[in-house]
Amino acid sequence: MNNKFNLINNVLGWVAFVIALVTYTLTLEPSVSFWDCGEFISASYRLQICHPPGAPLFLIIGRLFSLFAGSDVTKVAFCVNMVSAVAGGLCAMFFFWTITHLGRKVLVKGNAEITMQQIFAIMASGMVGALTLTWSDTFWFSAVEAEVYASSSFFTTLTFWCILKWENIANEKHADRWLILIAYLIGLAIGVHLLNLLVIPAIVYVYYFKKYKFTRLGFIKASGVAIATIGIVQFGIIPGIPSMMAKFDLLFVNSLGMPFNSGVYGFLLLLAALIVYGIIWSMKTNRVWLNTAFLCVAFIIIGYSSYAMVLIRSAANPPIDMNDPEQPFSLLSYLNREQYGENPLVYGQYFYAKVIDVEKGAMQYRKGTDKYEETGPKLTRVYDPKDCTILPRMWADRADYVQSYKDWEKIGEGKKATFGKNIDFLMTYQLGFMYWRYFFWNFVGRQNDNQGFGDIISGNWLSGINFIDKMRLGPQTDIPESIKGNKARNTYFFLPLLLGILGLIWHFKKSKEDATVVMTLFLFTGFFIILYLNFPAHQPRERDYAYVGSYQTFIIWIGLGVLAIIDWLSKKMNPMAATGIASAATILGVPVLMGSQNWNDHDRSGRYTAVDFASDYLNSCAPNAILFTNGDNDTYPLWYAQNVEGIRSDIRVINLSLLNTDWYADALKRKVYDSEPVPFSMTPDKYVQGVRDYVIYYQNPEIEKRFGINQTDFYPLKNIIQFATDDKDPLAKLQSQGGESYSYYPTKKFYIQIDKEHVLKTGAAQPKDAAEIADTMKWEIGNSNLMKADLITLDILSTTNWERPIYFAITTGSDVYLNMTNYFQLEGLTYRIVPIFNREQVEGGSYGRINSDILYDNVMNKFKWGNMDKPGIYMDETILRQTKNFRNIFYRLAMKLVSEGKKDSAIKVLDKSMQVMPKENVAYDVFVVRLCEAYYAAGAPLKANAILKEMTTTCVEKYKYYATFKASNKGGAVQSEMDENLQVMNYCQQVAEFNKQDIFAKELKSQIDNTMAGK
């Protein structure tokens, strides 16, 4: 029977793999996704360097998968996405075998013969667990896009499965080979994501329980070994090896006069020699445990060697070369994620803490011409101890984070946080909102895919049991279709959670040691990650993917919950009948239910929004343009479009967040594909890290006297740049009390002289706009300091002299526009800087004049729409946010065409907006009302009336629904929603009335009045 068990176990494991792989292949995003996926696919395709701390093994595997695309570059993204799909399928397979192993240990004691009923029961538990994992919310999300989390989950599951295989043969001669394999897998996994390290404590406990008799002291010692092992790998091997490489190279290069990287090779040879010597010596002296330890360290390093790709490829200066880690010092900074700063963990500051000192640390170095040059010591801020605490949770001092802390903990203006509020933030936000909410998404249900910020209408968990949901989220009956129709509204009625809790209890009752191991993995991949990451409030996106290891660990207990039910039923009926009933009920009640609920909001097939939106950004620009972006979603998809599909590779995309670094500024001076080097006057010594990280505004009377500066006049931008980057003139520097010098700019008012013939010749202005070209481009920046990125941006503007078009993505945010918006021209998803002062009135939130010929051609002929018009396409919140920009562009273009007397063209534009963003996929919002204004202006009142009627009805339904919350004492929680819907209703009625649709406006007024009267 044991052979039969092994056969069935192997076959069903592969069945689980096939089911998962088919699921993920059918629902896979066919092209690039938003967020980091564009960067990962681009870096995979050309073996480039992604953001710290890197994922070289993932990129190498992605490169291999990309080869299956052949010559069709549009298939590269699909192939790299398949890395996650295959990893997800393999994870489901090894997860199945993990559950069946643990189940068999409970049911079959010692050398007892396994029965057919036990085989069926164990297989059912494994299949329920594997399918639950396959169709769970967070895991499924990660398995259909080119992100590292599915691959990381696979390595975690495989590593845990390997220690269970070792456990089976622990007393055999060559059993420790499994431990060496585990070490190698941990080393490999470092090249994917560091989450895999959190499996180490579970491995240590399996080893301890197998080799030693349990005692309290022994368990404490094992725990110490587990924590120490994580520390050795996380803080020893990973940063330690590049740190020693850097020190050796510094010695070899600066002191011994040898070439760069000679110290790296010297250290690696020494390290290899020491490990080989240790292995041979331990064999000769018959120290088995020491030999195993040396081998494990060796294989961790061998796995970790995937990071050699980072050094090798960075040295080639690829287009994506994040942090330029081509030498050991920059590699160490890259691995330590220094550009992101550090989160205090055990002791640190509150968000309002005062800096009382700056502590100087180790000297920092950069690569010079023939040796390493000092860049100054590492500086660490020292905070007032009165404003510090143990276990700091509210620490980030960025303005939006500060406000979010105050809002969440209800800290009044001028008040300070208490330790109690600090711990409350940990419990209610970091644990409650940022972990348990996601946990319940996976095992109870989800309200919608709107990002939650703590209100009761967005992103909460939802069970589907009305009286429970009503207590938390208000009435659950008579919900309008506009709310209920959200595809991410999934309800599991607590069934997965209850089955998992049952499995947890049963596991602890039947096998406390194994349950302790699983609990350890569950806590380390959940609770301890929360403590370590220490997320500030108000994250830019939902972060459930960070805890997927914890959720998949809980699913082990969901699988074992099947055995718990069978165990209970077997006492009341025939065991085989109990097995059949429990298996069928749990498969239907948990994984099948989850799969049916989750399919439509995890099905990304046919969706091309990210790549098409990227194409639209690029096609909003003239040839050879410079395009400034700022965030992930207006940068990474564009990188993909250029690096992989070769879309508009003549454009240089400049991310302003990265432009604050010297390595990124250096890269601008190199040609990339069809994009020529970016012209700016500053040489590397002017912007190297630590130099002009920011420059300040200062009115220096001596400089004002020398140059005749009057603060009411405007001055040539080129002269101001020269002054702010002057390292020879002593008057161009300010001295601090600490003896440090700072560059500054003496005026905020700049101008650029405009040669009309030149700007017409270069295409910076169109001939039809010749009369509007200004003599000078004048503006006041307003900033009291300029970051390095701002200074380089102004330098580029000054140096290009209108010979290259310069654009800002409309999604960058006004804080980076440097008050140049009066010279913006809207040409699509971008604002172009033009030598024309905009005299057109522009409504709040929008900028720029409009050249209707350019914008019409872009929107109507060049733009692609990602299949948003196709039935059934899932539009998540990230995509829907972008559709607001599109609708606003359509509105502005239509109104411009109307003002030019081109009403027929305006109607075509408005019809196009309705065609490419149909209400079935992109629900009507307030921007649609603006489109109705344009319809009226263009002479199409019937179309406007139809849309306004539907929009008003939708708002009425929502208003009536939210009005029912008052009876459940939750009216205050939705008051803002009621107010918003009322405002939109009135807006609709006012627009109709303003455009002389008197009868229709009265109908809307009557509908609104009846709503307000409760009718």
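Does R849 count as buried, partly exposed or exposed, and at what relative accessibility? In this predicted model, R849 counts as buried, at 4% relative accessibility. The cut-off for that label is under 20% relative accessible area. A good place to begin is therefore with the partner of this arginine, since R849 forms a salt bridge with D769, and the closest N and O atoms of the two are 3.4 Å apart. R849 belongs to strand 19 (residues 849-850), whereas D769 sits in the loop between helix 30 and strand 14, so the pair ties together parts that are 80 residues apart in sequence. D769 counts as buried as well, at 5% relative accessibility.The loop that holds D769 contributes a further contact. K768 lies in the loop between helix 30 (756-762) and strand 14 (776-780), and K768 forms a salt bridge with D853, with 3.2 Å between the closest N and O atoms. D853 is found in helix 32 (residues 852-862), so this pair ties together parts that are 85 residues apart in sequence. Here both partners reach the surface in part: K768 counts as partly exposed at 47% relative accessibility, and D853 counts as partly exposed at 45%.

A search of the whole structure finds 39 salt bridges. Side chains of opposite charge can pair when their charged atoms come close. One of the pairs is formed by D925 and K884, whose closest N and O atoms are 3.4 Å apart. This pair links distant parts of the chain, 41 residues apart, with D925 in the loop between helix 34 (903-916) and helix 35 (926-938) and K884 in helix 33 (residues 877-899). D925 is buried, with a relative accessible area of 12%, while K884 is partly exposed, with a relative accessible area of 35%. Elsewhere, salt bridges that share partners join E29, E145, R604, R607 and D876 into one network.

The surface also carries a nonpolar feature. V18, V22, L26 and W599 form a nonpolar patch there, and together they have about 340 Å² of accessible area. Helix 1 (residues 2-27) supplies the largest share of this patch, 3 residues. W599 lies in helix 23 (residues 575-602). W599 is partly exposed, with a relative accessible area of 32%. Patches are made of residues with over 30% relative accessible area and no salt bridge, so the value for W599 meets the area cut-off.

Turning to helix packing, helix 36 (residues 941-963) and helix 37 (residues 975-994) have axes that come within 9 Å and cross at roughly 155°. That angle makes helix 36 roughly antiparallel to helix 37, because angles over 145 degrees count as roughly antiparallel. Helix 36 passes helix 37 in a left-handed crossing.

A last position to look at is R398, in the loop between strand 4 (388-390) and helix 15 (399-409). R398 is partly exposed, with a relative accessible area of 46%. Along the chain, R398 and Y673 are 275 residues apart, and their C-alpha atoms are separated by 37 Å.

Key. Residues numbered from 1 in each chain as written. Predicted model: local features only at pLDDT ≥ 70, side-chain atom pairs only at ≥ 80, totals over all residues. Heavy atoms only, no water. Patch = residues over 30% accessible without salt bridge, like charges linked within 9 Å, V, L, I, M, F, W, Y side chains within 5 Å. Areas by Shrake-Rupley, 256 points an atom, 1.4 Å probe, with all protein chains shown as cover. Salt bridge = Lys/Arg side-chain N within 4 Å of Asp/Glu carboxyl O. Helix = DSSP H or I, 4+ residues; strand = E, 2+ residues; numbered from the N terminus. Buried < 20%, exposed > 50% of the residue type's maximum accessible area, 1.4 Å probe, protein only. Axes fitted to C-alpha atoms, helices over the stretch in contact; angles between N-to-C directions. Parallel < 35°, antiparallel > 145°, perpendicular 65-115°, else oblique. Left-handed = near helix turned anticlockwise from the far one by under 90°.
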